[in-house]
Amino acid sequence: WPAHICSRLLMAVPTGLVVWLASQNFRAGLVVCLMTWFSLYVGWGTYMSIGADTHGYNSRSGVFDWALGRQMENWTYPRRVVRDYAGMSLRGLIWTAPQGYVVYHLGLGWAPSFSG
C-alpha cells in the first residue's frame, strides 16, 4: 500500500479542501480528508461474496468487521448475506458522506450523503 499513498492523497486532500472551504470549518475538512484517504485503502472484495455460493466462505477481513463481525465458517447463508449487505452499505457511505457534507452546506439537503 505505500506505493499508493500519493494517488490517494491526490483524491483526499482536494476533497478535504472543498469541505473546509464550503463549510468554513477546518476540523470538518481535516476529518473528511482523513476519512477519504483511509477509505481508499479498503476494497469491496470482502463483502462481495453475496449470493455467489450458498456454501461459500470468505476469510478476508473487512473494514467494518469490528461492528459487523468477521465471517466464520459456521455462519448460515442468510447471516453472511446480511453482513455483506450491511458492510457494502457502510462502505458506500464512506464515499458519499464527504461529498454529501459539501452538498448539504450548499443548501441542497442531506439526501446525497446517504446515497452510498
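Helices here are DSSP runs of H or I at least four residues long, numbered from the N terminus. With that in hand, Leu-34 can be placed in helix α2. Please keep in mind as you read that this is a predicted model.

**The chain as a whole**

Let's start with the overall layout. The chain holds 4 helices and 0 strands, and reading along the sequence gives the pattern α-α-α-α. Of its 116 residues, 32% are buried. The accessible surface comes to about 7,300 Å², and carbon and sulfur atoms account for 68% of that area. As for how the chain meets itself, take the contacts between residues at least 6 apart in sequence: 47% of these join residues at least 24 apart.

**A nonpolar patch on the surface**

Which residues make the nonpolar surface patch of about 820 Å²? They are Leu-9, Val-13, Leu-17, Trp-20, Leu-21, Phe-26, Leu-30, Leu-34 and Phe-38. Two elements, α1 (5-23) and α2 (26-39), each give two or more residues to this patch. The biggest contribution comes from α1, with 5 residues.

Leu-34 is a handy member of the patch to look at in your viewer. Why does Leu-34 count as partly exposed? Its relative accessible area is 40%, and partly exposed covers the range between the buried limit of under 20% and the exposed limit of over 50%. That 40% also fits the patch rule, because patch residues need over 30% relative accessible area.

**Ser-7 and its place in α1**

Helix α1 also contains Ser-7. With a relative accessibility of 39%, Ser-7 is partly exposed too. Here is a pair worth finding on screen: Ser-7 and Trp-37 lie 30 residues apart in sequence, while their C-alpha atoms are 9.5 Å apart in space.

The two residues singled out so far can be set side by side:

| Residue | Helix | Relative accessible area |
|---|---|---|
| Leu-34 | α2 | 40%, partly exposed |
| Ser-7 | α1 | 39%, partly exposed |

**A salt bridge**

Side chains of opposite charge can pair when their charged atoms come close. How many salt bridges are counted in this model? The count comes to 1. The partners are Arg-83 and Asp-84, whose side chains meet at 3.0 Å, N to O. That distance qualifies because the cut-off for a salt bridge is 4 Å between a side-chain nitrogen of Lys or Arg and a carboxyl oxygen of Asp or Glu. Are these partners buried or exposed? Both Arg-83 and Asp-84 are buried.

Definitions and conventions. Residues numbered from 1 in each chain as written. Predicted model: local features only at pLDDT ≥ 70, side-chain atom pairs only at ≥ 80, totals over all residues. Heavy atoms only, no water. Patch = residues over 30% accessible without salt bridge, like charges linked within 9 Å, V, L, I, M, F, W, Y side chains within 5 Å. Areas by Shrake-Rupley, 256 points an atom, 1.4 Å probe, with all protein chains shown as cover. Buried < 20%, exposed > 50% of the residue type's maximum accessible area, 1.4 Å probe, protein only. Contact = heavy atoms within 4.5 Å.
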